[in-house]
Amino acid sequence: GRLFVNRVFHISANKMFELLFTDSSFTHRFMDIRRISNPSFTAWEKDDSGNEKRILNYTITINNPLIGKFSTATENQTLYKESREGQHYRVDAEVYTHDVPYHDYFYTQNRYYIISISKRKCRLRVYSDVKYRKPTWGLVKSFITKNSWSGIEDYFRQLETELVEEEAEMTQAAGEA
Ligand code: YK8
């Protein structure tokens with residue numbers, strides 16, 4: 001996978017987990033900015049392997065002139081049982097975009113690591129990879145990959161920007177308290 005985010009925030013690890021992986025106001029605000037609509041979230045639930053899973057459904061708005069303006073998407077998230085609350089978390093997210101060309105050929109795998117550095121600091125790392133679900137012709141593959149990277153990069157650049165904004169608001173609020 002490629003590394004898209006690698007940054008230390010003045011935000012505790014458990015707060016970062018809450019911002020990104022619960023039904024938080026940050027998530028809703030960020031979805032509004034990205035024009036992601038009709039979100040639905042299931043609760044985190046333990047599966048047979050001891051990992052926790054949840055499923056998100058939403059409609060994305062696409063900024064790619066080659067394809068339609070909207071697509072429904074399903075995101076399956078796994079919180080690994082090796083995660084330790086407040087210390088480190090690993091979440092894998094498989095994103096399936098149902099209404100784009102060649103949608104049955106690929107999905108996107110995003111891997112999030114949140115690592116506590118101190119009481120009020122954590123590092124966030126996000127890796128992303130385009131995965132193929134069946135044998136895909138080289139030309140089609142490079143077409144899909146190229147169009148995916150640009151969208152993924154744009155998304156995570158903005159996620160980082162919004163987290164920096166959130167961090168500023170939080171440290172300011174803490175200073176005033
Ligand atoms: C998640 C990866 C590819 C897809 C898109 C597909 C192009 C189709 C290629 C044809 C539109 C929120 C993306 C960017 C849609 C958005 C997805 C998001 C950002 C022309 C051959 C949605 C993270 C995420 C992962 C994958 C992204 C898609 O939280 O280019």
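# Helix faces, core and pocket in a predicted model

Reader: Which residues of α2 are buried in this predicted model?

Author: The model is predicted. Helix α2 spans residues 25-33. Its buried residues are Phe26, Thr27, Phe30 and Met31.

Reader: How are the buried residues of α2 placed around the axis?

Author: On the other side of α2, Ser25 and Asp32 are exposed. In α2, Phe26, Thr27, Phe30 and Met31 are buried. Because these four cover an arc of only 130 degrees around the axis, they lie on the same side of α2.

Reader: What covers the buried residues of α2?

Author: The residues to be covered are Phe26, Thr27, Phe30 and Met31. Their cover includes both helices and strands, namely α1, β2, β4 and α3.

Reader: Within what arc do the buried residues of α1 fall?

Author: In α1, the buried residues are Ala13, Met16, Phe17, Leu19, Leu20 and Phe21. They line one face of the helix, because seen down the axis of α1 they fall within an arc of 165 degrees.

Reader: Which residues touch the most other members of the largest nonpolar core?

Author: This core holds 40 residues. Its largest share, seven residues, is contributed by helix α3, residues 138-176. The members that touch the most others are Met16, Ile114, Leu124 and Leu163.

Reader: Which residues does Leu124 contact, leaving aside neighbours within four places in sequence?

Author: Leu124 is among the core residues that touch the most other members. Three more of that group, Met16, Ile114 and Leu163, are in contact with Leu124. The rest of its contacts are Val5, Asn6, Arg7, Phe9, Leu20 and Tyr113.

Reader: Is Phe9 buried or exposed, and what is its relative accessibility?

Author: Phe9 lies in strand β1, residues 2-9. Not counting residues up to four places away in sequence, Phe9 touches Met16, Arg120, Lys121, Cys122, Leu124, Glu160, Leu163, Val164 and Glu167. Buried means under 20% relative accessible area. Phe9 counts as buried because its relative accessibility is 0%.

Reader: How many Å apart in space are Phe9 and Glu162, C-alpha to C-alpha?

Author: In sequence, Phe9 and Glu162 are 153 residues apart. Their C-alpha distance in space is 12 Å.

Reader: How many residues does α3 give to the lining of the largest pocket?

Author: The largest pocket contains about 1200 Å³ of space. Elements giving two or more residues to its lining are α1, α2, β4 (52-61), β5 (70-79), β6, β7 and α3. The largest share comes from α3, with twelve residues.

Reader: Which lining residues lie nearest the centre of the largest pocket?

Author: The lining has 45 residues. By type, they divide into 27 nonpolar, 13 polar and five charged. Nearest the centre lie Ile60, Thr97, Gly151, Ile152 and Tyr155.

Reader: Is Gly151 buried, partly exposed or exposed?

Author: Gly151 is found in helix α3. The class of partly exposed runs between the 20% and 50% limits. With a relative accessible area of 38%, Gly151 is therefore partly exposed.

Reader: Which residues does Gln109 touch, not counting those up to four places away in sequence?

Author: Gln109 is in strand β7, residues 106-118. Gln109 counts as buried because its relative accessibility is 14%. Its contacts are Asp92, Ala93, Tyr127, Ser128, Asp129 and Lys131.

Reader: What is phi of Asn38?

Author: Most residues other than glycine have a negative phi. Asn38 lies in strand β2, residues 37-41, and counts as exposed at 59% relative accessibility. Its phi is positive, near 50 degrees.

Reader: Where is Tyr102 found, and what is its phi?

Author: Tyr102 is in the loop between β6 (88-97) and β7. At 34% relative accessibility, Tyr102 counts as partly exposed. Tyr102 is not a glycine, yet its phi is positive, about 60 degrees.

Reader: Which residue just after α2 takes a positive phi?

Author: The phi in question is about 55 degrees. The residue is Arg35.

Reader: How many Å separate the C-alpha atoms of Arg84 and Ile115?

Author: Arg84 sits in the loop between β5 and β6. At 46% relative accessibility, Arg84 counts as partly exposed. Arg84 and Ile115 are 31 residues apart along the chain. Their C-alpha atoms are separated by 9.7 Å.

Conventions:
Residues are numbered from 1 along each chain as its sequence is written. This is a predicted model: local features need pLDDT of at least 70, side-chain atom pairs count only at pLDDT 80 or more; totals for chains, interfaces and linings use all residues. Side-chain values use heavy atoms; hydrogens and water are left out. Buried means under 20% relative accessible area, exposed over 50%, partly exposed in between (1.4 Å probe, protein chains only). Contact means heavy atoms within 4.5 Å. A nonpolar core is a set of buried Ala, Val, Leu, Ile, Met, Phe, Trp, Tyr and Cys residues joined through side-chain atoms within 4.5 Å. On a 1 Å grid over the protein atoms alone, a cavity is a set of points where a 1.4 Å probe fits but cannot get out, and a pocket is an open set with protein on both sides within 12 Å along at least five of seven lines; lining residues have an atom within 4 Å of a point. Grid points are joined across faces, edges and corners, and a volume is the space filled by probe spheres set on the points. Ala, Val, Leu, Ile, Met, Phe, Trp, Tyr, Cys and Pro count as nonpolar, Asp, Glu, Lys and Arg as charged, and the others, Gly among them, as polar. The arc is that of the directions from the helix axis to the C-beta atoms.
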